[in-house]
Structure formats: structure tokens, C-alpha cells
Amino acid sequence: MKRADSIEALLKKARTDFARLKDEYNASLHEKHVRNDLKVSIKNIFENLRSCLDYLAHDIFEAHCANAKKPGRLYFPIRPSAPEFGTAITKEYPALQTTAPKVYDLLEAVQPYRDPWLGQFNKLNNHNKHQDLVEQSRTETRQVTVSRGGGSVSWGPGVTFGSGVSVMGVPIDPRTQMPVPNTVAKTEVVTWIDFRFREIDQSVLPFIDASIANVDKLFRSLQPHV
């Protein structure tokens, strides 16, 4: 693999930038908006990961389609359906399914119709390139836990109690949706604060973490065959 060192360097850079981003991002969770410099950091991580994929595309072509004319712009194939994927491979990577069926299968396995991650990742990248920095929305999720003795009951958003309901033997006030003041059960309220990508409705930090892991996994899987 000709570009392995470059891919390794980009993955290392992405991990380093992500470690720094996590510290800064967690510090901003209580702010109403994500700072623009953090959006730039996210944009750079995604661009480096996209470069890894496109480096893989060139190595695949050069290793298995060398007798064909390379397209003027060769990108890692990302298609929403199996027929579109097959057409793209036939056009951009002639005879790949015959000359390198394992490589073909690895590429096909990560397509959006198999795994939604790649389509979501591509959507964020395209937004960054052609529109503006990816937007994130701040969300708060409240979880209530009532415990008594060795047991407990928890509930979150979407749960609404009517009159006459009790939890762990304690009546719930339908106006506050909380247990009435009492001395027999413990009530704990935890508010989770999160930022999510609006375009794909995914939590920001877990999605970036998964993106780095998925690109690394694909690279390791293809490396022996390219």
C-alpha cells in the first residue's frame, strides 16, 4: 500500500485532535452554542478522515485496476443503493469484482445501505465543504430515579404520569411529574446535556469517535489486499 504512511499519519492526527477537542468540548457543554473554533476542529478531523478514504481509493485502483485509465477525480465510493454502488465500481474501478473480490466485498460492506455511518459521515463532509460549518444543537435530557430499599425505578422524556399513580409506594404529583415530598424513598434527578449534529441527529463526540474507529478498521481490513 503506497499511501499507508500517509493514512497512518492522518489517523494519528485525527486521534490527537479528537483528544484535545473532547476536553474543550466538555468544558463548553453548559454554553448555549458550540464555539466556532470547535466547529473548525471538527471540520478538520472529518476532512483528514475523508482524505484517508480517498487515499485508499487510489491505492485500490493502482493495485487492481492498473490497466484501466484512472478517472480525473477518483474518490472513495459511497453510494446509497446496491445498484448505484455496482455501477460506480464498474465505471471507476473496472473489473475490481473479478480481480479483487475481497476488496470489492469490503467496500460493499461499508456502503450506506449496509451501514448508515458512512452515509452520515459523507453528509457532514459535504455540508462542511459546500455550505458552512456543521451545525450542532444543544439538548437536555432529564432522568428521574426513585429508589427505596434495594430497588429503584427510573424514567426519562416521554413518560407522563396521570393522577393516582405511585412509584415505589410514593404518589406522583401530576403537576410536577415528581414524587410528592416523603421520607421513605430517595429521588434523584440527573440532567444530561448533549450536543448533536442537526443533519444526522447524532451525538457529536460519540459520532466523531466512531468515525475515527471505522476509518481505521477499514484501513486495516484493506491493507493486506492493496
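**A hairpin, a sheet and a long-range salt bridge**

Let me start with methionine 168, which counts as partly exposed at 26% relative accessibility, where buried means under 20% relative accessible area, exposed means over 50%, and partly exposed lies in between, with a 1.4 Å probe and protein chains only. Before going on, I should say that this is a predicted model, in which local features need pLDDT of at least 70 and side-chain atom pairs count only at pLDDT 80 or more, while totals for chains, interfaces and linings use all residues. Residues are numbered from 1 along each chain as its sequence is written, and side-chain values use heavy atoms, with hydrogens and water left out.

Where does methionine 168 lie? It is in the loop between E3 and E4, and here, as elsewhere, helices (H or I, at least four residues) and strands (E, at least two residues) are DSSP runs numbered from the N terminus. These two strands form a hairpin with two residues between them, and methionine 168, in the turn, has a positive phi of about 55°. That is a positive value in a residue other than glycine.

The hairpin belongs to an open sheet of three strands, ordered E3-E4-E5 with antiparallel pairing, and strands are said to pair if DSSP finds at least two bridges between them. Strand E3 (166-167) and strand E5 (178-179) are the edge strands, each pairing on one side only. Two bridges join E3 to strand E4, residues 170-173, and valine 167 stands opposite valine 170 in E4. On the other side, E4 is joined to E5 by two bridges, again running antiparallel, with aspartate 173 opposite methionine 178 in E5. The hairpin of E4 and E5 has four residues between the strands, and there glutamine 177 takes a positive phi near 60°.

Let me now step back to the protein chain, which has seven helices and seven strands. Along the sequence these follow the pattern α-α-α-α-α-α-β-β-β-β-β-β-β-α. The radius of gyration is 24 Å, well over the 17 Å that the globule rule gives for 226 residues, so the chain is more spread out than a compact globule; this radius is taken over C-alpha atoms, and the rule is 2.2 Å times the number of residues to the power 0.38. The C-alpha trace spans about 80 × 35 × 30 Å along its principal axes. Of the 226 residues, 40% count as buried. If we take contact to mean heavy atoms within 4.5 Å, then among contacts between residues at least 6 apart in sequence, 65% join residues at least 24 apart.

The last element in that pattern is an α, and I would like to turn to helix H7. How far apart are the end C-alpha atoms of helix H7? They are 27 Å apart, which agrees with the 27 Å that its 19 residues (204-222) should span at 1.5 Å a residue, the expected span being 1.5 Å times one less than the number of residues. Its buried residues include Phe207, Ile208, Val215, Asp216, Leu218 and Phe219.

That brings me to the salt bridges, each defined as a side-chain nitrogen of Lys or Arg within 4 Å of a carboxyl oxygen of Asp or Glu, and by this rule the count comes to 15. Arginine 220 forms one with glutamate 8, the closest N and O atoms being 2.7 Å apart. This pair links distant parts of the chain, since arginine 220 is in helix H7 and glutamate 8 is in helix H1 (residues 4-27), 212 residues apart. Arginine 220 is partly exposed at 33% relative accessibility, and glutamate 8 is partly exposed at 30%.

Arginine 220 also meets aspartate 216 in a salt bridge, at 3.1 Å from N to O. Being four residues apart in helix H7, the two are separated by about one helical turn. An α-helix has 3.6 residues a turn, so residues three or four places apart point the same way. Aspartate 216, with a relative accessible area of 17%, is buried.

Elsewhere, arginine 196 and aspartate 201 meet in a salt bridge of 3.0 Å, N to O, and arginine 196 is partly exposed at 22%. Aspartate 201 sits in the loop between strand E6 (186-197) and strand E7 (202-203), and it has a positive phi of about 50° although it is not a glycine. Finally, Lys2, Arg3, Asp59, Glu62 and Lys70 are linked in a network of salt bridges.
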